[in-house]
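Here is a short exchange between a student and a tutor. Please look over the sequence and the structure before reading on.

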Amino acid sequence: MQANSEKIDAAAELNRLNKVLEVARRNGNTTFIQNIEREIAAVKRGDKSPLINEYLTEEERSGGRPGR
């Protein structure tokens, strides 16, 4: 059952990211476009978010707040 839930979550995430990508393309924001395309590729592969891995600490990734 969990695998089906993960597929639904991934599909919802892809839908959301594709909408954001449309807006970024309309606005011509190339950096944002590249980042969203990386996110989409990761979701399709079943990988974790490259932006979260790059910019958040381990504590932040696990739900903790820095400095608390």
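The questions below concern a predicted model.

Student: Which order do the elements of the protein chain run in from the N terminus on?
Tutor: The protein chain holds four helices and zero strands. Read from the N terminus on, the order is therefore written with helix symbols, helices being DSSP runs of at least four residues. That order is α-α-α-α.

Student: Which helices each supply at least two residues of the largest nonpolar core?
Tutor: The largest nonpolar core has eight residues: L14, L17, L21, A24, I33, I36, I40 and V43. The helices that each supply at least two of these residues are α1 (2-27) and α2 (30-45).

Student: Which residues does V43 touch, not counting residues up to four places away in sequence?
Tutor: V43 belongs to the largest nonpolar core, as do L14 and L17. Beyond the four places left out, V43 touches A10, E13, L14 and L17.

Student: Is F32 buried, partly exposed or exposed?
Tutor: F32 lies in helix α2. Buried means under 20% relative accessible area and exposed means over 50%. F32 has 37% relative accessibility, so F32 counts as partly exposed.

Student: What separates the C-alpha atoms of F32 and V20?
Tutor: Leaving aside neighbours within four places in sequence, F32 is in contact with V20 and A24. F32 and V20 are twelve residues apart along the chain. Their C-alpha atoms are separated by 9.3 Å.

Student: What percentage of the residues in the protein chain is buried?
Tutor: The protein chain has 68 residues. Its accessible surface comes to about 5400 Å². The buried residues make up 19%.

Note on methods:
Residues are numbered from 1 along each chain as its sequence is written. This is a predicted model: local features need pLDDT of at least 70, side-chain atom pairs count only at pLDDT 80 or more; totals for chains, interfaces and linings use all residues. Side-chain values use heavy atoms; hydrogens and water are left out. Buried means under 20% relative accessible area, exposed over 50%, partly exposed in between (1.4 Å probe, protein chains only). Accessible areas come from the Shrake-Rupley method with a 1.4 Å probe; for residues, only the protein chains shown count as cover. A nonpolar core is a set of buried Ala, Val, Leu, Ile, Met, Phe, Trp, Tyr and Cys residues joined through side-chain atoms within 4.5 Å. Contact means heavy atoms within 4.5 Å.
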